[in-house]
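Student: Could you take me through one part of this model up close, and then show me how the rest of the chain is put together around it? I'd like one connected answer that I can follow with the structure open beside me.

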Amino acid sequence: MKLWRSVVGKLWGTILLLVAFVLLVLTILWFEFIENYQTNQTEIELSQFAGKISSILKNHEDVKDSPALAKSIALELSDEETGIMIVDENGKTWYSSEKGTSKQPYISLDTIKKDPELSRVLEGSGEAIKTITADENAEFGEEKVLLQGVPYRLTEGKNGAVFVSKSLSSIREATGSTTRYTFIGAAVGLILTTVFAFFLSTRITYPLRKMREAALELTKGKFDKKVPILTGDEIGELAAAFNQMGRQLKYNINALNQEKEHLTSILSSMADGVITLNVDGAILVTNPPAERFLQAWYYEKEMEIKAGEELPPEAQELFRRVVHAEKEQIIELTLQGRTWVMVMSPLYDQDYVRGAVAVLRDMTEERRHDKLRKDFIANVSHELRTPIALLQGYSEAIVDDIASTDEEKKEISKVIYEESLRMGRLVNELLDLARMEAGHTTLMYEEVLIPELAEKIARKFQGMAREKAIELKTDIRLTKEFFWLDPDKVEQVLTNLVDNAIRHTGENGTVLLKVSLADEGLRIDVQDTGLGIPEEDLPFVFERFYKADKARTRGRSGTGLGLAIARNIVEAHHGSITVHSKMHEGTTFTVYLPEMENREDGEQ
């Protein structure tokens, strides 16, 4: 920083200007005083000198008869700076030097007579002293002269006068040395004042400069910077207050940072998205779930986001309604196949709205569960409606004696029995599935011979396969034949998969049960050459009541719970089940069961 722009320079310059002004005023007053003093002293000296000459002339009356004596007396009393003029009673004048020969300005009697005050001296009315202009000559020109006039009285009652003059220039010359020394003293004083002022301003502003440095450090976040306390005056108190301010600021900043980190942690860990908007609708703060929402919007817009389009149009309209109505608003949005519920509330700055905060919740799973619940109710109702209708119809036939023969009654009873079994199976499967999904599945682990289990499944479905002219084959490639698992649960899974494969495979088709080792576990593939599953249905095959046969014909459709139960059993074994399918080529279900350690029977 330049010196004249700093506090030191300004204070230094102020002191210098103040001292220079004071010195200037004092010098002017001093010169005036010296000049007045010299003038007064000269007037006193001239008055005494004129009185002395007047006394001599009065005491020597014979001076009138001896002009030479009077002139000699005047010459003896005068000097180079003082001029004497004696006027006798007859108006005759004697001068200490003739005009043009003296170093003093010449004043004629006519000049004196023209002045009213000095002319009274000639009349004997009293003394007079006055500054007049001397007669003009080539050497002195028009020069001011201090003239003292004293009358003297002779014995005959006649009057004479003595005039003593002294040039003001000679008075000023007498004060020249004083002036010179005065200027020297003023210059020395100004120089000393400069040094002292610089030292004083530097000393005074040192704590201020330290405060400035500390303030700059505070702006950089260095709150430990301290200002030295050198004095106990106001500046020292200011330094102490500054240090206290730094400590308080550090405490407040740390508190704000902790609060910000706490708020950031809360926002980051929230399952709901949070978006804060300013009064113009620009995004200020977001958290990760909100970022996912915005990324879905940006992807839908192909990343070509213009100013003011950071939010979907529905959200922008919601923001305008919130700002206008100043109350909470709710909408539901769908982006990239996901459903979001946005609750937006206004943010206030005292009495006016300064923005809004939007809370986003991904309701996709909730909506899916709602759909599953509705589908579950619809499917259960559908599955129960048919057997109940059959039971009701055939029961009415028996009650109304429509079946006349024993064979008809037996056939009706058989239908009623089969439908009641189907209803019981549906209810049992629902209960089993509910227990599994609630985590209440109990697995009875045993060391099972896998080839024997696979052959058992194949034998169980050979008759059903022959009826449909389907070739049921097994392919067992194991280097280790014993595994720990729950044989009944795994048999239930394989039974369901093979049954589905046979029911959805046409005549002359093939169903293959393939068992092999993979990734330190057991892999079981059930392949068929049936109709296949549409690609859009593949993500839902393990949902409850899913059926590939959308017509829900009772000829080959089950309850729709088998695959859901199979998935829960496999996951209870810490395994996985997947499906791959192509239309009109076939479907493959793959079950992976990891190798388990020796477990006691009945372990869950």
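**A close look at helix H6**

Tutor: Happy to. Let's start with the residues of H6 that are hidden from solvent: Thr182, Ala186, Thr193, Ala197, Ser201, Thr205, Pro207, Met211, Ala214 and Leu218 are all buried. Please keep in mind that this is a predicted model. For reading a list like that one, it helps to recall that an α-helix has 3.6 residues a turn, so residues three or four places apart point the same way.

Helix H6 covers residues 176-219, which is 44 residues. From its first C-alpha to its last, H6 reaches 61 Å, close to the 64 Å expected at 1.5 Å a residue. The helix also has a kink: look at threonine 205, where the bend is about 45 degrees. Proline 207 follows shortly after that kink, and both Thr205 and Pro207 are among the buried residues of H6. Just past the end of the helix, glycine 221 takes a positive phi of about 90 degrees.

Now for the setting. The chain has 604 residues, and 37% of them are buried. It holds 15 helices and 17 strands. Among contacts between residues at least 6 apart in sequence, 60% join residues at least 24 apart. The chain exposes about 35,800 Å², and carbon and sulfur atoms supply 54% of that area.

For another helix to look at, try H8, residues 288-300. Its 13 residues reach 18 Å from first C-alpha to last, close to the 18 Å expected. The buried residues here are Pro289, Ala290, Phe293, Leu294, Ala296, Trp297 and Tyr298. They pack against helix H9 (313-325) and against several strands, including S6 (273-278), S7 (283-286) and S8 (329-335). Strands S9 (338-349) and S10 (352-362) are also among their packing partners.

For nonpolar side chains on the surface, turn to helix H1, residues 7-59, where leucine 29 lies. Leucine 29 is exposed, because its relative accessible area is 53% and exposed means over 50%. Together with Leu18, Phe21, Val22, Val25 and Leu26, Leu29 forms a nonpolar surface patch with about 560 Å² of accessible area.

Charged pairs add another layer, with 11 salt bridges in the structure. One of them joins lysine 130 and aspartate 115, at 2.7 Å from N to O. Lysine 130 sits in strand S3 (residues 128-133) and aspartate 115 in the loop between helices H3 (109-114) and H4 (116-122), so this pair ties together parts that are 15 residues apart in sequence. Lysine 130 is partly exposed at 27% relative accessible area, whereas aspartate 115 is buried at 11%.

Another salt bridge links glutamate 595 with lysine 480, with the closest N and O atoms 2.0 Å apart. Glutamate 595 comes in the segment after strand S17 (586-594), and lysine 480 lies in the loop between strands S12 (471-477) and S13 (482-485), so the pair ties together parts that are 115 residues apart in sequence. Both partners are partly exposed: glutamate 595 has a relative accessible area of 39% and lysine 480 has 34%.

Arginine 523 and aspartate 525 form a salt bridge too, with 3.1 Å between the closest N and O atoms. Here arginine 523 is partly exposed at 35%, while aspartate 525 is buried at 3%. Finally, have a look at Glu332, Arg367 and Asp370, which are linked in a network of salt bridges.

How values were computed:
Residues are numbered from 1 along each chain as its sequence is written. This is a predicted model: local features need pLDDT of at least 70, side-chain atom pairs count only at pLDDT 80 or more; totals for chains, interfaces and linings use all residues. Side-chain values use heavy atoms; hydrogens and water are left out. Patches are made of residues with over 30% relative accessible area and no salt bridge: like charges are joined within 9 Å, nonpolar side chains (Val, Leu, Ile, Met, Phe, Trp, Tyr) within 5 Å. Accessible areas come from the Shrake-Rupley method with a 1.4 Å probe; for residues, only the protein chains shown count as cover. A salt bridge is a side-chain nitrogen of Lys or Arg within 4 Å of a carboxyl oxygen of Asp or Glu. Helices (H or I, at least four residues) and strands (E, at least two) are DSSP runs, numbered from the N terminus. Buried means under 20% relative accessible area, exposed over 50%, partly exposed in between (1.4 Å probe, protein chains only). The expected span of a helix is 1.5 Å times one less than its number of residues. The bend at a residue is the angle between axes fitted to the seven residues ending there and the seven starting there. Contact means heavy atoms within 4.5 Å.
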